[in-house]
Amino acid sequence: MSSHDVVELILQDHRRMEDLFRTMRNVEADRASALAEFANLLIAHASAEEDEVYPALRRYKNVDGDDVDHGVHEHEEANEALLALLEVEDTASQDWEDKLEELVTAVNHHADEEERTLLNDARENVADDRRAQLGTAFREARARYLENDCGSVENVRKLVAG
């Protein structure tokens, strides 16, 4: 299994997000820096999917276009939940905890659904070399977003405002 495989790269990001959620739930941890890393990863990951992966998958007849649309919709919901958490000043507050759980719910629901639908369909229907090409395109797009501080509260506000 090539580490360029777009499916594997997306799964790696999903697992990293879960690790960051564990850190953010830990009152002893540096929650602010975990959130900053998470925000950058989530926005870069979802944006790269929408730029490079979703449009390609839409062209396969065995990939359900409705699943792609639904994925985009869930990215928007996750961005809203992320913004709500980024706007809480005090990482030790109950409000922070509450907004974190809303974010965890939105992101985990989306990741789980995407893994069961789109990623399984991609694994079955998209040839290895094409998945590797998509993986390269995904990685490059993701890196560009990360370089531009895509998870900053200002940028997430812009995305949510649409």
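**Reading the cavity and the cores**

Student: Which residues line the largest cavity in this structure?

Tutor: In this predicted model, the lining of the largest cavity is made up of His14, Met17, Leu42, His45, Ala46, His75, Ala78, Val107, His110 and Ala111. Helices H1, H2, H3 and H4 are the elements that each give two or more residues to that lining.

Student: How many cavities are there of 30 Å³ or more, and what is the volume of the largest?

Tutor: A cavity is a space in which a 1.4 Å probe fits but from which it cannot get out. Here, one cavity reaches 30 Å³ or more, and the volume of the largest is about 60 Å³.

Student: How do the lining residues divide into nonpolar, polar and charged?

Tutor: Six of them are nonpolar and four are polar, while none is charged.

Student: How should one read a nonpolar core, and which residues have the most contacts inside the largest one?

Tutor: In soluble globular proteins, nonpolar side chains tend to be buried together. In this case, the largest nonpolar core comprises 25 residues, and Phe21, Met24, Phe38, Leu82, Leu103 and Val107 have the most contacts inside it. At least two core residues come from each of helices H1 (6-25), H2 (31-58), H3 (65-86) and H4 (94-125). The greatest contribution is that of H2, with eight residues. Apart from this core lies another, of 19 residues, including Leu9, Ala48, Leu57 and Leu118.

Student: Which residues does Phe21 touch, leaving aside those up to four places away in sequence?

Tutor: With that exclusion, Phe21 is in contact with Phe38, Leu100, Leu103, Val104, Val107 and Asn108. One of these partners, Val107, also belongs to the lining of the largest cavity.

Note on methods: Residues numbered from 1 in each chain as written. Predicted model: local features only at pLDDT ≥ 70, side-chain atom pairs only at ≥ 80, totals over all residues. Heavy atoms only, no water. Core = buried A, V, L, I, M, F, W, Y, C linked by side-chain atoms within 4.5 Å. Buried < 20%, exposed > 50% of the residue type's maximum accessible area, 1.4 Å probe, protein only. Helix = DSSP H or I, 4+ residues; strand = E, 2+ residues; numbered from the N terminus. Contact = heavy atoms within 4.5 Å. 1 Å grid on protein atoms, 1.4 Å probe; cavity = no way out; pocket = protein on both sides within 12 Å on 5 of 7 lines; lining within 4 Å. Points joined across faces, edges and corners; volume = space filled by probe spheres on them. Nonpolar A, V, L, I, M, F, W, Y, C, P; charged D, E, K, R; others polar.
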